[in-house]
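Here is a friendly round of questions for anyone who likes to see a label checked against its cut-off. Have the viewer ready.

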Amino acid sequence: ASVIQRLWRGHVSADMLSPRLQRAMKNYMYANKHHVSYKRRHRAALSAKELLCQMKAQARLRTVDGWEQPFSSLGWARLVPPLPLEELYRQQDGSSFKTCAVVTSAGAILHSGLGKEIDMHDAVLRFNAAPTEGYERDVGNKTTIRIINSQILANPNHHFNTSSIYKNVTLVAWDPAPYTVNLQKWYESPDYNLFGPYVEHRKLHPGQPFYILHPSYIWQLWDVIQGNTQETIQPNPPSSGFMGIVLMMALCEQVHVYEYIPSTRQTDLCHYHERYYDAACTLGAYHPLLYEKSLIQRINMGPESDLRRKGRVTLPGFSTVDC
Ligand code: C5P
């Protein structure tokens, strides 16, 4: 079976990858840049329900609140948005959104015609520099939340301060800290310096909700992936895609994810908005992407026909899962 067919079934292994991607994976393991310790070994395979309950309990949404050092001394308790992200959209009945769409940036979404369906959701999550303008037919034009990695903030090529794609949306940024979650070390040497631009942006646009994911949240997600995978996964943070999916499971009653598990439109085209081809974008090299996707497929409640035609996964929000 092809890699994609095995993903549809939720059975993956690194030896399905090309020799080049396998080598890249190994190099990241040797480097172990974030000093991950592989403690929790894989036990029995959990059922979908057990997996959902573990995610609900272990992956509690958490953002930097400014009350810990070094951020508290820097006055961040007053700098971060007054409402935590979990409360920002909460309705009287306790839930936030009924239906949510997570739109990955994969090239496979081109020519999907999914735009209208995506825009019908109460909230839409997008990633990094992925545009809607010019691609509305395939990706829609509504954006509620945008997850951005620290490169978007740190690299002037992304025009973070001026580009319209970062305006009128809730922003959620992330950067990998050491696995031990030493916030002081993280502050001193982030992967890309997001702290300066974050402070500046908060001061200029205090009304725009803008959060930084807490590194403990990111590594807890990693622990869930490794803890439910037989193979040794890359010692690097999950992709923005995985973070976005789990984040929306905390905010929504139902989540549709588009082109994370690829449809029959699968392609090596990395992003729908760029002419750059690399299978690593879909299968992973730095990120444990293949394993993340397999885990998401294991909790997918939608039919295989949705996967084939729409690249669509259906997930229950945590509030609807009784554990
Ligand atoms: O590349 P970028 O991280 O901005 O893309 C957003 C997310 O979409 C990724 O983190 C990944 O989870 C998903 N993606 C994918 N396949 C691709 C490109 C992106 O699954 N070809």
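What follows is a set of questions and answers on a predicted model.

Q: What makes Asn128 one of the closest residues to the ligand's shell, and how many residues surround the ligand?
A: The ligand is surrounded by 15 residues, and the closest are Asn128, Ser239, Cys270, His271 and Lys293. A residue joins this group if one of its heavy atoms lies within 4 Å of the ligand.

Q: How do you know that the side chain of Asn128 makes a polar contact with the ligand?
A: An N or O atom of the Asn128 side chain is 2.7 Å from an oxygen atom of the ligand. The cut-off is 3.5 Å, so this pair qualifies as a polar contact. For Lys293, a side-chain N or O atom is likewise 2.7 Å from a ligand oxygen. Cys270 takes part through its backbone: an N or O atom there lies 2.9 Å from a nitrogen atom of the ligand.

Q: How much of the ligand's accessible area does the protein cover?
A: On its own the ligand has 440 Å² of accessible area, and the protein covers 89% of that. Helix H12 (240-251), helix H13 (280-283) and helix H14 (289-298) are the elements that each give two or more residues to the shell. By class, the shell holds six nonpolar, eight polar and one charged residues.

Q: Why is Thr104 called buried?
A: Its relative accessibility is 8% and the limit for buried is under 20%, so Thr104 counts as buried. Thr104 sits in the loop between strand E1 (97-103) and helix H6 (115-119). Leaving out residues up to four places away in sequence, Thr104 touches Ile109, Phe127, Tyr258, Glu259, Tyr260 and Tyr272.

Q: Which backbone oxygen atoms lie within polar-contact range of the Thr104 side chain?
A: The backbone oxygen of Tyr258 lies 3.0 Å from a polar atom of that side chain, and the backbone oxygen of Glu259 lies 2.5 Å from a polar atom of it.

Q: Why is the pair Lys33 and Asp191 called a salt bridge?
A: The side chains meet at 2.6 Å, N to O, and the cut-off is 4 Å, so the pair qualifies. Lys33 is in the loop between helix H2 (19-31) and helix H3 (48-58), while Asp191 is in the loop between helix H9 (183-188) and helix H10 (195-204), 158 residues apart. Side chains of opposite charge can pair when their charged atoms come close. The whole structure has nine salt bridges.

Q: In the salt bridge of Arg265 with Glu259, which residue is buried and which is partly exposed?
A: Glu259 has a relative accessible area of 3%, under the 20% limit, so Glu259 is buried. Arg265, at 22%, is not under that limit and not over 50%, so Arg265 counts as partly exposed. The closest N and O atoms of the two are 2.8 Å apart. Elsewhere, salt bridges that share partners join Glu117, Asp306, Lys310 and Arg312 into one network.

Q: What makes Asp15 exposed?
A: Asp15 has 58% relative accessibility and exposed means over 50%, so the label fits. Asp15 lies in the loop between helix H1 (3-9) and H2, and its side chain makes a polar contact with the side chain of Ser13 at 3.0 Å.

Notes:
Residues are numbered from 1 along each chain as its sequence is written. This is a predicted model: local features need pLDDT of at least 70, side-chain atom pairs count only at pLDDT 80 or more; totals for chains, interfaces and linings use all residues. Side-chain values use heavy atoms; hydrogens and water are left out. A polar contact is a pair of N or O atoms within 3.5 Å; within protein, one must be able to donate a hydrogen and the other to accept it, and residues adjacent in sequence count only if both atoms are side-chain atoms. Accessible areas come from the Shrake-Rupley method with a 1.4 Å probe; for residues, only the protein chains shown count as cover. Helices (H or I, at least four residues) and strands (E, at least two) are DSSP runs, numbered from the N terminus. Ala, Val, Leu, Ile, Met, Phe, Trp, Tyr, Cys and Pro count as nonpolar, Asp, Glu, Lys and Arg as charged, and the others, Gly among them, as polar. Buried means under 20% relative accessible area, exposed over 50%, partly exposed in between (1.4 Å probe, protein chains only). Contact means heavy atoms within 4.5 Å.
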